[in-house]
Amino acid sequence: MVFMDFAERVAIVTGGASGMGAATARRLATGGAHVVIVDRNADLARTVAAEIRGTPAVGDVADSSFCDRVVGEAVGVHGRLDVLVNAAGVIVRAS
């Protein structure tokens with residue numbers, strides 16, 4: 001299987017602790033990226049981050065100040081942000 005080269009790239013994946021977000025985070029990490037796993041589920045975010053040697057960021061992407069902080073920290077640590085994957089989902093239940 002051929003993977004894209006993401007060596008030394010910096011990626012943020014929202015919803016990165018499960019489903020398509022986690023699969024995307026794993027694929028980016030396999031390609032060499034440093035991945036920030038953003039999710040509301042702290043345990044899963046930490047688990048996936050540890051698995052791929054990434055960084056967990058626990059919070060709600062509906063909070064713009066949280067998003068600003070995550071991007072700021074990624075840029076502060078790595079000097080840039082190369083990839084943003086928005087895989088966080090919302091389930092609205094109608095009654």
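A polar contact here is a pair of N or O atoms within 3.5 Å; within protein, one atom must be able to donate a hydrogen and the other to accept it, and residues adjacent in sequence count only if both atoms are side-chain atoms. Keep that in your pocket for the first stop. What you have open is a predicted model, where local features need pLDDT of at least 70, side-chain atom pairs count only at pLDDT 80 or more, and totals for chains, interfaces and linings use all residues. Residues are numbered from 1 along each chain as its sequence is written, and side-chain values use heavy atoms, with hydrogens and water left out.

**Stop 1: helix H2**

Select residues 42–52, which make up helix H2. Helix and strand names come from DSSP runs (helices are H or I with at least four residues, strands are E with at least two), numbered from the N terminus. Now add Asn41: at the start of H2, one of its side-chain oxygens comes to within 3.2 Å of the backbone nitrogen of Asp43.

Which residues of H2 are buried? Colour Ala45, Val48, Ala49 and Ile52 to see them. Buried means under 20% relative accessible area, exposed means over 50%, and partly exposed is in between (1.4 Å probe, protein chains only). Turn the view so you look down the axis of H2: the buried residues fall within an arc of 100 degrees, so they line one face of the helix. That arc is taken from the directions from the helix axis to the C-beta atoms. Here is the background: an α-helix has 3.6 residues a turn, so residues three or four places apart point the same way.

Next, pick Asp43 and Ala50, exposed residues on the face of H2 turned away from its buried side. Then show H1, E2 and E3, since these are what the buried residues of H2 pack against.

**Stop 2: just past H2**

Step along to Arg53, which follows H2. Arg53 is in the loop between H2 and E3, and it has a positive phi of about 60 degrees although it is not a glycine. Is Arg53 buried or exposed? Arg53 is exposed, with a relative accessible area of 75%.

Select Gly54, in the loop between H2 and E3. Gly54 is buried, at 19% relative accessible area. Setting aside neighbours within four places in sequence, Gly54 is in contact (heavy atoms within 4.5 Å) with His34, Val35 and Ala49. If you like using the distance tool, try Gly54 and Arg80: they are 26 residues apart in sequence, and 16 Å apart in space from C-alpha to C-alpha.

**Stop 3: Gly32 and Glu8**

Jump to Gly32, in the loop between H1 and E2. Gly32 is partly exposed, with a relative accessible area of 35%. Not counting residues up to four places away in sequence, Gly32 touches Phe6, Ala7 and Glu8.

Click on Glu8 while you are there. Glu8 lies in the segment before E1 and has a positive phi of about 65 degrees although it is not a glycine. With 64% relative accessibility, Glu8 counts as exposed.

**Stop 4: Thr14**

Now find strand E1, residues 10–14, and select Thr14 in it. Thr14 counts as buried, at 7% relative accessibility. What does the side chain of Thr14 reach? The answer is the backbone nitrogen of Ala87, at 3.0 Å. Leaving out residues up to four places away in sequence, Thr14 touches Val38, Val61, Val85, Asn86, Ala87 and Ala88.

**Stop 5: the pockets**

Switch on a surface. On a 1 Å grid over the protein atoms alone, a pocket is an open set of points where a 1.4 Å probe fits, with protein on both sides within 12 Å along at least five of seven lines; lining residues have an atom within 4 Å of a point. A volume is the space filled by probe spheres set on the points, which are joined across faces, edges and corners.

The largest pocket has a volume of about 420 Å³. Of the 20 residues that line it, select Asp39, Arg40, Ala88, Gly89 and Val90, the closest to its centre. H1 gives the most to this lining, with three residues.

The second largest pocket has a volume of about 180 Å³. Residues lining this second pocket include His34, Val36, Phe66 and His78. Which element gives the most to that lining? Select H3, which gives seven residues.
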